[in-house]
Amino acid sequence: MLRDRFMRLRDKEVKSGVWCVNGIMSIGYGMLQPSVIMAPSVSILPTAAEEATNGVAKLNIKEQVKQEQQKQDKGPSYPFYFPYFDVNEKFPPTEIFGMSSQIPSRRSRSLTHIMILEHTDVGLRADPKKPHLLHEGVTLKHLSPFLGTEVKGVQLSQLTKEGLDELALYTAERKVLVFRDQDFKDIGPDRQIEIARHFGPIQRHPTSGNVKGYPEFHVVYRDAENDRFREYIGGNRVSRTSWHSDVSYEKQPPSTTFFFILDLPEVGGDTLFASQVEAYNRLSPAFQQILHGLRAVHSAVPQAEFSRKRGGPVRREPVESVHPLVRVHPVTGEKALYINQGFTKSIVGLKEEESDTLLNFLFDHIAKGNDFQVRATYEAASVIVWDNRVTIHSATGDFDNKERRHAVRLTPQAEVPVPVKE
Ligand SMILES: [Fe+2]
C-alpha cells in the first residue's frame, strides 16, 4: 500500500525546494521523481579518454554496475516518509509555549500581564540511577570521555514514562546516544511522535520536507537524483562539513532530538558531533567571563530565502532570536557555548568586525576540537538521540552520490535558553 502511495506521489510532480538542516541533503523541484524512475538507459559507452587513446570502445564496468544498480532500485525502503512539500502549506507564527498571554490582573481587569510558565525538562524528575533505562542486559560503549555512548539492549519503543525521563537525563549527560537494533522505524508515525512529544512540543520545520499529514517529521533524503545539500552549503567548497545546532533560531530551540535511519549508504554518511560544554570548558576563566555577558542573533532568514528562491515552501516567516552566547543546561547545570556556524550571525552590541572576529574564533575553536568530537555511525536499525542544546553536529556528505540516504528527525523544543547568572 505504501509503495502504491509512493508511486502516486511520484506522478504528481510537486515542485518544491528546501534545505534539510540535519542531514545530507535537501530536496528540489520535481523531487517526487526518484531514481527508480529516472534510471538512465543501460547503454554502455566508452569514456572519452578510452576513445581518444585506443580508438576502441571499452565497457566502463564501474558505470555499468552503477546503472544496473539503479535499474534494480526499487525506491526508498520506507516510501511513507518520502519528503513531502506543499508550497501552500502555512503555519502560524510560533508562540512561546507555556506562556499564556493577556491574563487579567487581579488588581485591575484593565491591566494585562504576560505570564511565562517555565518549561520543565522531564530529565529533572528522572531517577539519577536510571533503573528503567539502563537495566540489566544493557551494554554501553563510550565514544569519547566528553560525549557519545553507543547503547545496546534498550528498545526505545518499549520505554515507560520513567524510562523516557531517564533517557532525557542520560542524553543530557552523555549528549549523544547511539541506539542499535531498534524497531523505532516500524512502530508507525503516531507512536513515533508520541514518544518524541514526551520531551516537548515538536518543532514543525518551516522549509524542509515533511510527511503529508505529519508536519512534525523533518525528512532528510538524498539519492542519485537529489543532492541539494551541496547546493545549499555551496557547491564550490573543499569540504561539506557544516557545523550547526538544529533550528537554533527558534525562541525555544530543541532539546532531546531523535534521528532514525531508513536507508543508508554502504559506507559513509555518518554524523559528526561536538560537545559545546567541553568547548566552553577549554576556554580560560577570563575569556569565559567575557562570554557570559554576551548574546547572539540566530537567524532563520538565509534558510527561508534559499527555499523561497527555489520555489520551495516557507511555511512561516523566518524568525530571528537573541540567545545567550553561553547557556546553562536546566538539568545538569553545565554551561555550554550556544553558537553555531549555521545560524548564528552576529553578537549583540559589538561592531561588525568585532563580532565577526569573536564568532570566527569560536567557530574555529569548535571545528578544530577533535578531542571533544565524535563520529556517530549508522546501522540499519539505528536511532541517534542527542541533546541539541549542548552539541553541534555536521553531516558528512562523503558517500557516493548514487546511493540513497533517508532519515527522519523528530525535534522536541524546550526552554528559552538560560543565561549564566553571575
Ligand atoms: Fe542538523
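These are my notebook entries on a predicted model of a single chain.

**Entry 1: the overall count**

I started with the whole chain. I found eleven helices and 17 strands. Of the 422 residues, 42% count as buried. I then turned to contacts between residues at least 6 apart in sequence, and 80% of these join residues at least 24 apart.

**Entry 2: the seven-stranded sheet**

Next I traced an open sheet of seven strands. Its order is β3-β4-β5-β15-β7-β17-β6, and the pairing is mixed. The edge strands are β3 (139–142) and β6 (218–222), each of which pairs on one side only. From one strand to the next, the twist averages 20 degrees.

I looked at one parallel pair here. Strands β4 (residues 149–152) and β5 (residues 176–179) run parallel and are joined by three bridges. If you want a spot to click on, glutamate 150 has valine 178 in β5 as its bridge partner.

Which helix packs on this sheet? I found α5 (residues 161–174) there, touching β4, β5, β7 (256–263) and β15 (383–387). The direction of α5 makes about 70 degrees with that of β15.

**Entry 3: edge strand β6**

I wanted to know how covered β6 is. Five of its five residues are buried. In a regular strand the side chains alternate between the two faces of the sheet, so I checked each face in turn. On one side sit His218, Val220 and Arg222, on the other Val219 and Tyr221, and all are buried. The neighbor of β6 is strand β17 (residues 405–410), paired in the antiparallel sense over five bridges. Histidine 218 stands opposite arginine 409 in β17.

**Entry 4: strand β16 and its partner**

Strand β16 (residues 391–395) was next on my list. Buried or exposed? Five of its five residues are buried. Thr391, His393 and Ala395 are on one side, with Ile392 and Ser394 on the other, so both faces are covered. Strand β8 (residues 271–275) pairs with β16 in the antiparallel sense, over five bridges. Within that pair, phenylalanine 273 has histidine 393 as its bridge partner.

**Entry 5: the three-stranded sheet**

I also followed an open sheet of three strands, in the order β10-β9-β13, with antiparallel pairing. Its edge strands are β10 (320–324) and β13, each pairing on one side only. The twist here averages 30 degrees from one strand to the next. Strand β9 (residues 295–299) and β13 pair over three bridges. I marked alanine 296, which stands opposite isoleucine 347 in β13.

**Entry 6: helix α11**

I checked the length of α11 (residues 352–367) against expectation. At 1.5 Å a residue, its 16 residues should span 22 Å, and the end C-alpha atoms are 22 Å apart, which agrees.

Which residues of α11 are buried? I noted Leu358, Leu359, Leu362 and Ile366. These cover an arc of only 95 degrees around the axis, so they lie on the same side of α11. On the other side, Glu352, Glu353, Asn360, Phe361 and Asp364 are exposed. I made a note of Phe361 in that exposed group. The buried residues of α11 pack against β8, α8 (276–281), β12 (335–337), β13 (344–347) and β16.

**Entry 7: helix α10**

In α10 (residues 301–309) I found Gln303, Ala304 and Ser307 buried. They cover an arc of only 95 degrees around the axis, which puts them on the same side of α10. After the helix comes glycine 311, with a positive phi near 80 degrees.

**Entry 8: the nonpolar cores**

I finished with the cores. The largest nonpolar core has 67 residues, and Val176, Leu337 and Val383 touch the most other members. Helix α5 gives the most to this core, with six residues. I listed what leucine 337 touches, leaving out residues up to four places away in sequence: Gln276, Ala279, Tyr280, Leu325, Val326 and Leu362. Leu362 is one of the buried residues of α11 from my earlier entry.

Apart from the largest core lies another, of six residues, among them Val247, Ala300, Ala304 and Val314. Ala304 is familiar from α10, where it is buried.

Notes:
Residues are numbered from 1 along each chain as its sequence is written. Helices (H or I, at least four residues) and strands (E, at least two) are DSSP runs, numbered from the N terminus. A residue is buried if 20 or more other C-beta atoms lie within 10 Å of its own, exposed if 12 or fewer, and partly exposed in between; C-beta atoms are placed from the backbone. Two residues are in contact if their C-beta atoms, placed from the backbone, lie within 7 Å. Two strands pair if DSSP finds at least two bridges between them. Axes are lines fitted to C-alpha atoms, for helices over the stretch in contact, and angles run from 0 to 180 degrees between N-to-C directions. The arc is that of the directions from the helix axis to the C-beta atoms. A nonpolar core is a set of buried Ala, Val, Leu, Ile, Met, Phe, Trp, Tyr and Cys residues joined through C-beta atoms within 7 Å. The expected span of a helix is 1.5 Å times one less than its number of residues.
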